[in-house]
Amino acid sequence: MKYDIIVIGSGPGGYVAAIRAAQLGKRVAVVEKSELGGVCLNWGCIPTKALLKSAQVYTYCKNAAHYGVEITGEAKPDFAKIVARSRTVADTMSKGVAFLMKKNNIDIINGFGRVTGRGAVDVDGTAYEADAVILATGARPREMPFMPVDGERVITSKQALTLPALPESMIVVGSGAIGSEFACLYASLGVKVTVIEYLPQMMPLEDEEVAKQMERSFRKLRATVLTSTNVKSVTVNAEGKCSVEIEGKKGAETLTADIVLSAVGIKSNIENMGLEECGIVVERDKIKVDEHYMTSLEGVYAIGDIIATPALAHVASAEAIHCVEHICGLAPAAVDYSTVPSCMFTSPEVASVGVTEQKAREAGIEYKVGRFPFTASGKATAAGDRDGFVKLIFDADDKLIGAHLVGANVTEMLGEPTLAKALGATAHDIAHTIHAHPTMNEGIMEAAEAASGAAIHL
């Protein structure tokens, strides 16, 4: 069967590519070996947020008296029901993708897709043809030889979504978004959590001030954070306990826990796809592409986690739209990788875009910083969520080059600084834009005023 475009993979890159191609009048098929929506909708972003929402509700119940609300009896998390709710949320979103596929007359081909040549795809022995093929197969948790995953005691993020019961203790190896979010989830539900990070700061890609604030927040959750610590080995003893050999600031130690969560990164899903046979170049586990995401084989494209760009769902979607519009003969603007927003749904949340202060300093950029603490925010004080701050970084021309936020719901505030950076807005522009009161978002205006030397409320 012949199509205009075949997309292999139906995650945030794949299904967005397919829908955009259909909107542009192309006959499209999507090849998917598992659930529609990929890891993000089924085993990543969405179910994780559902679990975290349940943990947040539990936290509110425990602290109801702080808000003048009396609850008779003790609030307890029913983890089986929490997991069941998250699976229902994931299933709902996957069905939503199926609806969009049907609405846009996109064919779904169930099975494992391989590239067999220019415009040629094999799905479990059946051949298909297309003018263009887009690879959007995503990634999976990376496994390390010193930490063999058994799926029961030593687990990845996928198993962490559906544990049969809350463990008493958990060690999380890695403090990026995945590790930090799960650590926050389980600590909020009463699990004794230890986070181990190889690098000198937790959340290594975030601004140093953000990392320090989050270490304090994790301590409030009674979670332990060990930075500059190397995991030597993870073993499971006869009693089912995990032993973790580490070397850190105190030298060599052995930690024990019921569960070890490996959150040390991801690995591209590119094996057995016929890439080498077709001459598609792969470098360091990533497919090499040009500025329009075409691989070294003409007519075959790659987007998302399988190429050397930020492994984020919204980045894959942006790449998908550019890729398809290029294939269809339009002239799409290049994806601006300097303005990619990033979020962590911990408690408090973390949101950032642009350069950190350390990166600006290392690059020799002349800059100034404006800060606003949420302790000075009326909305944050009224909500009882005063932890965190807004930090804005401006260059010598007064233009916003970085924004770093920690606090309740700050992921919902990130759109403004992202747009401001993309449009080249200055501290003056932001400070003189009227922000609704009382809102957390006023913190962005206040930080811009502080950078301009015109702070009113501090």
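In this predicted model, three helices each supply at least two residues of the lining of the second largest pocket: helix H3 (45-62), helix H6 (177-188) and helix H7 (208-220). Among the contributors to this lining, H3 gives the most, with nine residues.

The second largest pocket encloses about 1,200 Å³ of space. Its lining comprises 38 residues, and those lying nearest the centre of the pocket are Thr59, Leu221, Ser347, Pro348 and Asp385. By residue class, the lining of the second largest pocket divides as follows.

| Class of lining residue | Number of residues |
|---|---|
| Nonpolar | 14 residues |
| Polar | 13 residues |
| Charged | eleven residues |

A separate topic is the strand arrangement. Three strands form an open sheet in the order E12-E13-E14, and their pairing is antiparallel. The edges of this sheet are occupied by strand E12 (230-236) and strand E14 (251-257); each has a single partner strand, so one side of each is left without a neighbour in the sheet. From one strand to the next, the twist averages 20°.

In general, strands of a sheet pair through backbone hydrogen bonds, in either a parallel or an antiparallel manner. Here, strand E13 (residues 242-248) is joined to E14 by seven bridges, and the two run antiparallel. Which residue of E14 stands opposite valine 244? The residue facing valine 244 is leucine 255.

Terms used: Residues numbered from 1 in each chain as written. Predicted model: local features only at pLDDT ≥ 70, side-chain atom pairs only at ≥ 80, totals over all residues. Heavy atoms only, no water. 1 Å grid on protein atoms, 1.4 Å probe; cavity = no way out; pocket = protein on both sides within 12 Å on 5 of 7 lines; lining within 4 Å. Points joined across faces, edges and corners; volume = space filled by probe spheres on them. Helix = DSSP H or I, 4+ residues; strand = E, 2+ residues; numbered from the N terminus. Nonpolar A, V, L, I, M, F, W, Y, C, P; charged D, E, K, R; others polar. Pairing = 2+ DSSP bridges. Axes fitted to C-alpha atoms, helices over the stretch in contact; angles between N-to-C directions.
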